[in-house]
Amino acid sequence: MRRLAALALATSACLGEIGASAPVDKPAGDPPGIPSPAAPRPMPPPPAPDRPEAGACDRARPQSSPARLVRLTAPQFDALARALAGAKAAPTSSPFAHDKTAGRFSGRAEDLGMPELVVDQLLDASEALAAQIVARLGTEWPCTKARPLATACVQDALSTVATRAFRRPVTAAELAPFVAAVTDAAATLDPALALQLGVEGILASPRTVFRWERGDGTPDVHGRRGLSGHELASLIAFAVTDAPPDAELLAAAASGGLTTAEGRRQAMARLWDGEAARAVLARFVRETFRYDGVLDAFKDPAKYPFHRPAALV
């Protein structure tokens with residue numbers, strides 16, 4: 001019951017469809033929802049002369065990218081968990097530890113989905129992590145230990161968690177379902193368990209699990225929107241360090257410091273000097289050259305006595 005409640009709460013504020021596409025005509029006689037195995041996959045129409053493909057090297061035309069939702073990878077979710085529960089928190093089982101991608105790179109966004117098993121693992125991880133976060137909130141927000149829980153205290157505590165989890169300021173409308181769930185549950189549950197239910201919902205929310213790139217502000221004359229400061233902060237932080245934005249990067253996002261190319265360059269240069277960035281770069285090189293496969297490569301030890309494949313991985 002708690003798992004169902006957390007899942008319902010996590011998705012309660014979702015509107016519309018993620019990844020929806022136009023319907024495709026099916027051959028007659030196919031059962032609903034089952035494509036014909038003999039039917040060829042429809043090919044996309046060629047681009048119109050006045051609408052070249054994205055990425056075309058025509059500097060005279062404005063370039064843009066579609067809005068994206070990118071699911072966090074296993075290392076990124078683990079780093080977010082440490083940021084929320086504290087570096088010394090007990091490790092939890094990552095819901096994305098068994099991701100499989102089609103290419104050589106472990107972070108291919110198009111291969112990172114949310115099948116039923118992954119959703120189940122996410123709920124397990126959220127429950128374990130929420131208990132640690134609630135314990136930490138007791139120090140940061142002593143009012144959460146009061147009996148009964150005050151609604152204002154619940155709002156402040158959950159706003160802190162949601163802002164960190166979403167990597168941006170949270171609105172009152174976004175926070176309202178989580179606060180309502182905690183206050184309702186507190187009538188029959190121990191307040192700490194009630195608060196944990198709200199934190200579980202935040203952790204399992206698509207706003208936590210996905211990185212949003214929808215753009216912000218007024219479109220330009222070509223209909224394009226630039227990424228918001230907080231979207232840029234998440235993009236930079238996860239790309240360079242596989243971790244959520246730190247306090248300095250979030251401050252730059254809030255002040256508009258990432259709206260210029262120079263501001264973004266400075267932010268990336270600072271992150272590149274850290275240990276996390278070096279680990280990301282090492283993994284990229286290892287996956288690019290498939291160093292993991294060196295353990296299966298045979299070399300005659302008589303001819304290559306210096307060969308130490310384990311040193312490469």
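**Helix packing and nonpolar cores**

Biologist: At roughly what angle do the axes of helix 4 and helix 6 cross?
Modeller: This is a predicted model: local features need pLDDT of at least 70, side-chain atom pairs count only at pLDDT 80 or more, and totals for chains, interfaces and linings use all residues. Residues are numbered from 1 along each chain as its sequence is written, and side-chain values use heavy atoms, without hydrogens or water. Helices are DSSP runs (H or I, at least four residues), numbered from the N terminus, and axes are lines fitted to C-alpha atoms over the stretch in contact, with angles from 0 to 180 degrees between N-to-C directions. The two axes come within 10 Å and cross at roughly 20°.

Biologist: Are helix 4 and helix 6 roughly parallel or roughly antiparallel?
Modeller: Angles under 35 degrees count as roughly parallel, over 145 as roughly antiparallel, 65 to 115 as roughly perpendicular, the rest as oblique. The crossing is at roughly 20°. The two helices are therefore roughly parallel.

Biologist: Which residues of helix 6 make the contact with helix 4?
Modeller: Contact means heavy atoms within 4.5 Å. Helix 4 brings Leu158, Val161, Ala162, Ala165 and Phe166. Helix 6 brings Leu195, Gly198, Val199 and Ile202.

Biologist: Which helix gives the most to the largest nonpolar core?
Modeller: A nonpolar core joins buried Ala, Val, Leu, Ile, Met, Phe, Trp, Tyr and Cys residues through side-chain atoms within 4.5 Å; buried means under 20% relative accessible area, exposed over 50%, partly exposed in between (1.4 Å probe, protein chains only). The largest core has 31 residues, and Leu158 and Val182 are among those touching the most other members. Helices 2, 3, 4, 5 and 6 each give two or more residues. With seven residues, the top giver is helix 4.
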